[in-house]
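Student: Pick one strand and walk me through it closely, please. I'd like to see what sits on either side.

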Amino acid sequence: MRIRVATCVPTVAAIAACGLLLTGCNDDSGSGADSASSPTPTASAAADSSSPAASPSQSAAGDGGAATGTAVPVNKTINDDVMGEKATVIKYIKDFQPSAAAKAKFSALADEKVVLVDVTVTASSKYYDSFGATSFYLTGMPNGIDQASTTILDDEIKAAGYPPLKDAETGKTSTGWVVFTPTKDADKLVLRYKRLAAKASDGTNITAKNFDVPLD
């Protein structure tokens, strides 16, 4: 989430702790998490129109390609009224199978599973920022550390028919898939959106907050 000066609205002039750029350091200890609410039917239907079918099928990558896995509906919405961000978690896949080539390239996949989460995000219109995959984590991991999303398999999932989530810029909306690679013993999957702490130019403090969506 990148925050720049906006006209006629409070602006973020300083960043508390790690700041608002989620590609930098993050506070994995987090703060209290809000549960997500059910989205409106319109938001869910619009996002689903660009998503692949729920039934397993073979990847367009051909022989040795990734198996697409089974999509499980979630249909929950995150509303961050303070920052003006919104995300709808449409569905997820917890049994995506990378291709043999990907497994050979990334040896850590031997001890990990690949989880894909289909989301629609809308960036804030209060501030100039972008909202995308780096805002999301999996929490409740066996090692106690929230796991950040990864882009190492973006080409892989795109070939399998799952377009990666692109950043939504100020006031814009984007739909796509976010990739996680938790360890195989991670049996409870919870998606987390992190709002990091910041301070507005008028002196208002924006506190850090986590918003959690159980996937299982």
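**A close look at E4**

Tutor: Start with a single pairing: Lys86 has Thr122 in E5 as its bridge partner. Keep in mind that this is a predicted model, where local features need pLDDT of at least 70 and side-chain atom pairs pLDDT 80 or more, while totals for chains, interfaces and linings use all residues. Residues count from 1 along each chain as its sequence is written, and side-chain values use heavy atoms, without hydrogens or water.

E5 covers residues 114-122 and runs antiparallel to E4, with eight bridges joining them (strands pair if DSSP finds at least two bridges between them). On E3, residues 71-80, you'll again find eight bridges to E4 and an antiparallel run. There, Val72 stands opposite Tyr92 of E4. The E3–E4 hairpin leaves four residues between its strands, and Gly84 takes a positive phi near 80 degrees in it.

Now for E4 itself, residues 85-96: nine of its 12 residues are buried, so the rest of the structure largely encloses this strand (buried is under 20% relative accessible area with a 1.4 Å probe, protein chains only). Across the chain's 216 residues, 45% are buried.

Zooming out, the chain has three helices and 14 strands (DSSP runs: H or I of at least four residues, E of at least two). Take contacts (heavy atoms within 4.5 Å) between residues at least 6 apart in sequence: 72% join residues at least 24 apart.

How values were computed
Buried < 20%, exposed > 50% of the residue type's maximum accessible area, 1.4 Å probe, protein only.
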